[in-house]
Amino acid sequence: MKLATYTTAESEPRLGFLSNNSIVDMEDFGDISNFPLPNDMLELIDMGFEVIAEINDLIANTSKEDLKEVSYSLAEITLLAPIQKPRKNIIGIGLNFTEHIAESARTLDTTGKLPQKPIIFSKPPTTVTATNTDVLLNTKLTQQLDYEVELAVIMGKKGKYVSAENALDYVFGYSVINDISARDCRREGQWIVSKGQDTFAPMGPYLVTKDEIENPHNLNLSLKLNGVQKQNSNTKLMLFNINELIEDLSTVFTLEAGDIIATGTPAGVGAGQNPQQWMRDGDVMEATVEGIGTIVNTVREI
Ligand code: MG
């Protein structure tokens, strides 16, 4: 199921799902199905992953006409970030693709050694923005704005000391995230100023439930800048895979339903180009992960 947070011209943010190129409103669908459903993504995740199978059963028993009654065409709605306001910081993983480790060592302050454990940083909830919105280039802070396409993992339940073997049981679904980075804002190896500025986490267009992703470790991910392909790789090339990341993270802190993990970017970032290429006002990024979709964001200088 492709879940969406959306608005219509009149509405507050609502939860829906994609069906036949339309967005079905989740709460209204619950009403016609006599099965109460929430109008918020985090509330749905809190119901547990099992609810997705129940909703799919209800959809199978609903006529196309009835479904249409509670649907909007894509032209009638605006997609928001699937989780507009995460309850805590997004967890970011640094240097998780070998070729990106090499390009970073050539051009940034990292060593080029393969990390022995995942490199963990975070991005505040205020970094989140939707597809078709602006990413802010604050020239008081940075002259080196960069992009990073990544697979985002959304947790489905609480876990501490989760074993790698069972880790995917704790996942609710996946999304696309663009881990925007201001390369000249690192401070003594700390990355939150570089990666934590407002609008630095475009996310979407959908949250795809894990039952729709056959193998999260075999998804192409790519990014175009102004129509030119810059990144093109596959999640099978992650240094630490999703299972290993969840095992490691959950030994550090309790993972909870709705937590978001940005799993790292492959090679091809602007910092790795020769000469280095920084984004400017009006640049358009298209970040894509296979099976999930594409988010499009424009750089806007402030
Ligand atoms: Mg990143």
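This section describes the domain arrangement, the magnesium site and the surroundings of Glu290 in a predicted model.

The protein is divided into two parts: domain 1 spans 2–80 and domain 2 spans 90–301. Their C-alpha centres lie 27 Å apart. The contact draws 17 residues from domain 1 and 18 residues from domain 2. Between them, the two domains bury about 1400 Å². Carbon and sulfur atoms account for 70% of that area.

On the domain 1 side, three residues stand out. Lys2, Ile45 and Phe49 supply 48% of the area that domain 1 buries against domain 2. No other three residues supply more. Polar links across the boundary were also counted. Zero salt bridges are found between domain 1 and domain 2. One residue pair is in polar contact, with both residues at pLDDT 80 or more.

Four elements of domain 1 each supply at least two residues to the side that touches domain 2. Two are strands, E1 (2–7) and E5 (78–80). The other two are helices, H2 (41–46) and H3 (50–60). Helix H2 gives the most to this side, with five residues.

The magnesium ion is coordinated by three residues: Glu148 (OE), Glu150 (OE) and Asp179 (OD). The coordination distances are 1.9 to 2.1 Å. Along the chain, the donors follow the spacing E-x1-E-x28-D. Two of these ligands were examined for accessibility. Glu148 has a relative accessible area of 4%. Buried means under 20%, so Glu148 is classed as buried. Glu150 is also buried, with a relative accessible area of 0%.

Glu290 sits in a loop, between strand E18 (284–289) and strand E19 (293–301). The relative accessible area of Glu290 is 37%. That value falls between the 20% and 50% limits, so Glu290 counts as partly exposed. Residues up to four places away in sequence aside, Glu290 touches Asn218, Leu219 and Asn220. For Asn220, a polar approach is resolved at the atom level: its backbone nitrogen lies 2.8 Å from a polar atom of the Glu290 side chain. The C-alpha atom of Glu290 is separated by 30 Å from that of Ala9. Along the chain, these two residues are 281 residues apart.

How values were computed: Residues numbered from 1 in each chain as written. Heavy atoms only, no water. Donors = N, O, S within 2.8 Å, 3.2 Å for Na, K, Ca; no water. Buried < 20%, exposed > 50% of the residue type's maximum accessible area, 1.4 Å probe, protein only. Domains from an automatic or database assignment. Contact = heavy atoms within 4.5 Å. Buried area = accessible area lost by both parts, 1.4 Å probe. Salt bridge = Lys/Arg side-chain N within 4 Å of Asp/Glu carboxyl O. Polar contact = N/O pair within 3.5 Å; in protein donor to acceptor, adjacent residues only side chain to side chain.
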